[in-house]
Amino acid sequence: MKTFEKISWQIILILFAGFFLVMNLITPFIADDISYAFIWDGEHKGNLLDGIGPRERINSFTDILISQYSHYFWWGGRTVAHICVQFFSWVGKSYFDILNVLIFCAFVFLIFKIATGLTLREMNKKYLLFIILAIYFLSPSWVLTSVWMTGSINYMWMVTRSQ
């Protein structure tokens, strides 16, 4: 117990952020990550990799804007989130993996602020551990909403951004 008392909350956050980074690094492009790597083709039922219509991979930011314009009118909202997904599909998942750790830390701090009303200077390791364990064990599917690229950007990033 004395060892726990010597560890600061910042060290605990770094350890969990490191674990979170490893989880991100070992999670491949899966599911919607793959389809969002292609320009959305609304006239041919999107880019669901079903063999219908032409498939053109995202190769520039202009492709992302064209894709999202079509996506908005043929499929629906989440434009900001899907621009982010398509951007990381284009530039590479490793950039997402690093940024996702920072978003995760911001998410933890946001939960702390909303739950306690305290400033970050008043953070302590008990609060931090409770928040992190709640995210990991009480979320219906923390892998899909925290580690999977499309899920994380849709469900964790947009919540953190909107606060």
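A residue is called buried here when its relative accessible area is under 20%, exposed when that area is over 50%, and partly exposed in between. With that in hand, let us walk through this predicted model.

## Overall picture

The protein has nine helices and zero strands, so the elements, read from the N terminus on, run α-α-α-α-α-α-α-α-α under the rule that helices and strands are DSSP runs. Of its 163 residues, 41% are buried. The accessible surface of the protein comes to about 9,500 Å², and carbon and sulfur atoms hold 68% of that area. Contacts across the chain are worth a look too: among those between residues at least 6 apart in sequence, 65% join residues at least 24 apart.

## Helix α6 and its salt bridge

Let us turn to α6, which spans residues 93-116. Its 24 residues should span 34 Å at 1.5 Å a residue, and the end C-alpha atoms are 34 Å apart, so the expected and modelled spans agree. Many names appear when one asks which residues of α6 are buried: Lys93, Phe96, Asp97, Asn100, Val101, Ile103, Phe104, Cys105, Phe107, Val108, Leu110 and Phe112.

Two charged residues stand in that list, Lys93 and Asp97, and both are buried. Lys93 forms a salt bridge with Asp97, with the closest N and O atoms 2.6 Å apart. The two partners both lie in α6, four residues apart, or about one turn of the helix. The count of salt bridges in the model comes to one.

After α6 comes Gly117, whose phi is positive, near 75 degrees.

## The nonpolar core

The largest nonpolar core has 32 residues. Those with the most contacts inside it are Phe20, Phe104, Val108, Leu128, Ile153, Met156 and Trp157. Two or more residues each come from α2 (9-26), α5 (79-91), α6 (93-116), α7 (125-138), α8 (142-147) and α9 (149-162). Helix α6 provides the largest share of this core, eight residues.

Ile153 gives a close-up of the packing. Leaving out residues up to four places away in sequence, Ile153 touches Ala81, Cys84, Val85, Phe88, Phe96 and Met158. Phe96 is also one of the buried residues of α6.

## A nonpolar patch on the surface

On the outside, Phe61, Leu65, Phe87, Trp90, Val91 and Tyr95 make a nonpolar surface patch of about 550 Å². The elements that give two or more residues to the patch are α4 (61-74) and α5, and α5 gives the most, with three residues.

Leu65, a member of this patch, lies in helix α4. Leu65 counts as partly exposed because its relative accessible area is 45%. Its C-alpha atom is 9.2 Å from that of Ile39, a residue 26 places away in sequence.

## Four residues in contrast

Here are four positions side by side, with their places and accessibilities.

| Residue | Place | Relative accessible area | Class |
|---|---|---|---|
| Ser89 | helix α5 | 6% | buried |
| Val143 | helix α8 | 37% | partly exposed |
| Leu65 | helix α4 | 45% | partly exposed |
| Ala31 | loop between α2 and α3 (32-35) | 52% | exposed |

Ser89 lies in helix α5 and is buried, because its relative accessibility of 6% falls under the 20% cut-off. What does Ser89 contact, leaving aside neighbours within four places in sequence? Its partners are Phe29, Asp33, Tyr36, Ala37, Arg57 and Met149.

Val143 belongs to helix α8 and is partly exposed at 37% relative accessibility. The C-alpha atoms of Val143 and Asn24 are separated by 9.3 Å, although these residues are 119 apart along the chain.

Ala31 is found in the loop between α2 and α3. Its relative accessible area is 52%, so Ala31 counts as exposed. The backbone of Ala31 also deserves a glance: phi is near 50 degrees, a positive value in a residue other than glycine. Most residues other than glycine have a negative phi.

Conventions. Residues numbered from 1 in each chain as written. Predicted model: local features only at pLDDT ≥ 70, side-chain atom pairs only at ≥ 80, totals over all residues. Heavy atoms only, no water. Core = buried A, V, L, I, M, F, W, Y, C linked by side-chain atoms within 4.5 Å. Buried < 20%, exposed > 50% of the residue type's maximum accessible area, 1.4 Å probe, protein only. Contact = heavy atoms within 4.5 Å. Patch = residues over 30% accessible without salt bridge, like charges linked within 9 Å, V, L, I, M, F, W, Y side chains within 5 Å. Areas by Shrake-Rupley, 256 points an atom, 1.4 Å probe, with all protein chains shown as cover. Salt bridge = Lys/Arg side-chain N within 4 Å of Asp/Glu carboxyl O. Expected span 1.5 Å × (residues − 1).
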